[in-house]
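Subject: Handover of a structure

Dear colleague,

Please find below the sequence and structure that I am passing on to you. My notes on them follow.

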Amino acid sequence: MRFKIVSRFKPTSDQPEAIRQISTWLKAGERHQTLLGVTGSGKTFTMAKVIEELQRPTLVISPNKTLAAQLYSEFKQFFPDNAVHYFVSYYDYYQPEAYIPQTDTYIAKEAMINDEIDRLRHAATQSLLTRPDVLIVASVSCIYGLGSPLTYQSQKISIQQGEQISRQKFLKELVAMQYNRNDIDFGRGTFRARGDIVEIHPVTGEDIIRVEWLGDILEKITLLPNIVRKKAGQAIKATQVLKQIDIYPAKHFVTPLHEEEDALKAIRAELKERLNILQAEGKELEAQRLEQRTNYDLELIATTGYCNGIENYSRHFDRRHPGQPPFALLDYFTYAVKEQKLDGYLTFLDESHIVIPQLRGMYAGDYSRKQMLVDYGWRLPSAFDNRPLNFQEFSDRIQQLLYVSATPNDYELSLSGAKHGFKDLSERKEKSVRVAQQLIRPTGILDPEVVVRPTDGQLDDLMVEIRKRISKSERTLVTTLTKRLAEELTDYLAEAGIKVQYLHSDVETLERVEILKSLRAGVYDVVVGINLLREGLDLPEVSLVAILDADKEGFLRNETTLIQTMGRAARHVEGKVIMYADTMTSSMKRAIAEVERRRAIQRAYNKKHGITPQPIERSDEVMIVDYIVK
């Protein structure tokens with residue numbers, strides 16, 4: 001039950017020092033530290049080595065499902081014998097409930113739940129509560145409400161061979177845990193009963209649990225292999241006879257019967273109070289609407305235990321006070337650490353320069369949408385408490401943080417002791433600076449050379465540079481500020497006989513992946529995009545990145561974005577970046593200075609160790625693209 005890496009890789013270059021520094025800071029109890037790692041330097045392996053060194057449960061938060069899936073796959077390979085899990089939003093499609101008063105338009109909630117992701121979420125929380133060697137890779141959706149970990153744990157059924165429990169009582173306990181009886185479609189979260197035999201299909205989708213009775217004595221517990229989930233060619237496990245087993249609830253939101261009755265009373269009391277306020281304000285329509293909707297929901301909950309939008313009443317079921325934050329995945333980590341008497345848990349923010357703004361913005365967006373629903377009588381005020389954590393609540397729950405990024409912002413650097421940003425990393429005057437730098441690539445490739453050229457005649461100059469790359473079977477990325485310019489530039493290059501395609505948010509997700517695969521395969525020589533050519537996109541064939549309108553200061557041309565965009569040329573030995581601009585903005589100056597700083601360190605390391613940069617061998621791995629930033 002200890003983290004153990006299984007890999008042919010060994011720490012190289014500046015990885016050992018980064019691992020040593022981070023592990024030392026964490027063991028000393030430091031709360032904030034940063035890993036500044038350039039693309040291609042093996043940041044994931046460094047994180048894995050730190051986890052192996054600290055031996056603590058770990059939460060890795062990624063900016064979106066796609067990058068989270070890539071990290072999950074890599075960690076799963078590094079820790080094949082440990083509990084590595086994937087925890088992201090289980091919605092394939094989600095249209096939140098909303099109301100637009102200007103047009104009197106009510107939009108009902110619509111959602112399509114991905115059953116496999118729901119299974120993985122349950123597997124993650126159950127592992128977290130039962131073993132110490134747990135690593136969960138999550139998206140930022142992990143700060144949304146999840147139900148109380150104490151209730152989730154206390155509602156589990158623990159059974160053992162030879163104990164006295166009637167079959168009828170056992171079935172009632174399964175129903176209380178949200179399991180459904182289904183003798184025909186025996187799927188995840190269901191059970192079937194035939195005579196003295198009850199079979200349960202756990203919510204995690206793993207092996208089937210068969211329980212056999214002799215009168216009121218639980219005679220035998222058997223674990224049957226779930227043949228349906230076995231992959232082709234995979235060996236089927238043997239049937240196991242167990243002495244005891246724990247069965248966890250089928251839902252994360254589960255409430256004991258006596259608490260459910262109290263919750264319904266509390267909802268009725270809130271409804272009465274709210275109706276008095278609306279009627280006093282002369283809002284008779286809103287009061288009537290709220291009364292009808294809430295009473296309908298209450299009747300459904302009382303008879304079936306569920307209603308559409310039941311999460312809006314979660315505050316009452318969790319017995320929380322108004323404004324009190326919901327339980328989230330972080331609370332499960334805290335609870336697990338306390339129950340198992342561990343030394344704490346770790347939190348890593350991958351691509352922290354994206355994750356932190358996402359964490360900051362999610363609460364406000366949710367609140368503004370709920371405001372309309374509450375003001376116009378579609379929801380009770382308790383709906384406000386069905387929400388994500390705000391940033392302060394998130395910060396209060398974490399124990400020790402590692403920010404991981406090639407471009408950490410001033411926020412991360414400041415908390416890690418670098419009060420003056422990248423300047424402190426060059427001078428290293430302060431011993432309190434907790435920023436581990438991982439700037440050396442195993443291939444010896446340097447960060448790309450950066451040049452700035454005027455916008456006058458930029459298209460002709462760009463055409464010449466593209467043709468140079470085509471003659472050497474290399475690829476080019478061009479980034480613009482608008483979709484329209486991307487499409488017009490694509491047409492212009494195509495008319496000149498260049499194999500080119502544009503890539504922006506209007507292009508379907510799967511088509512984007514195919515376009516990038518085609519770029520690597522030589523179907524296209526150039527891809528023109530906006531802000532999709534950033535985090536997580538590794539294209540070893542790209543030797544040139546051209547940035548148009550580089551001096552248009554703003555989100556798409558700030559220091560972080562410029563460095564990330566430059567990094568797309570850092571996989572090629574002859575990587576080069578051309579910025580077309582008529583002035584040098586402060587963002588351009590800082591970005592170029594940081595890239596030059598890294599190049600100097602990389603060049604000195606290569607010279608000292610006699611390393612000649614080597615090209616990356618072509619791989620047909622699926623490329624991971626950041627589809628979240630539009």
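Which residues does UniProt list for "coiled-coil region"? The unreviewed entry gives residues 261–295; UniProt positions follow the numbering used here, feature names are shortened, and annotations may be inferred rather than shown by experiment. Over residues 261–295 the chain is 91% helix and 0% strand, with the end C-alpha atoms 15 Å apart. Helices (H or I, at least four residues) and strands (E, at least two) are DSSP runs, numbered from the N terminus.

Please note that this is a predicted model, in which local features need pLDDT of at least 70 and side-chain atom pairs count only at pLDDT 80 or more, while totals for chains, interfaces and linings use all residues. Residues are numbered from 1 along each chain as its sequence is written, and side-chain values use heavy atoms, with hydrogens and water left out.

A second annotation in the unreviewed UniProt entry, "domain: Helicase ATP-binding", covers residues 24–157. That span is 39% helix and 28% strand, and its end C-alpha atoms lie 41 Å apart.

Helix 1 (residues 15–27) has 13 residues, which at 1.5 Å a residue should span 18 Å; its end C-alpha atoms are 18 Å apart, which agrees. The expected span is 1.5 Å times one less than the number of residues. Among the buried residues of helix 1 (buried: under 20% relative accessible area, 1.4 Å probe, protein chains only) are Ala18, Ile22 and Trp25. Their cover includes strand 1 (32–37), helix 2 (43–54) and strand 17 (346–350). Just after helix 1, Gly29 takes a positive phi of about 90°.

The largest nonpolar core (buried Ala, Val, Leu, Ile, Met, Phe, Trp, Tyr and Cys residues joined through side-chain atoms within 4.5 Å) has 36 residues. Helix 10 (329–339) is one of the elements that supply at least two residues of this core, and helix 10 gives the most, with seven residues. Another core, of 33 residues, lies apart from it and includes Leu413 and Ile592. Phe394, one of the residues with the most contacts inside the largest core, is in contact (heavy atoms within 4.5 Å) with residues including Ile61, Leu349 and Leu389.

Finally, Arg188 lies in the loop between strand 10 (180–181) and strand 11 (190–194). Its side chain makes a polar contact with the side chain of Asp115 at 2.7 Å and reaches the backbone oxygen of Val203 at 2.6 Å. A polar contact is a pair of N or O atoms within 3.5 Å; within protein, one must be able to donate a hydrogen and the other to accept it, and residues adjacent in sequence count only if both atoms are side-chain atoms.

Yours sincerely

Definitions and conventions: Buried < 20%, exposed > 50% of the residue type's maximum accessible area, 1.4 Å probe, protein only. Lists of a residue's contacts leave out its neighbours within four places in sequence.
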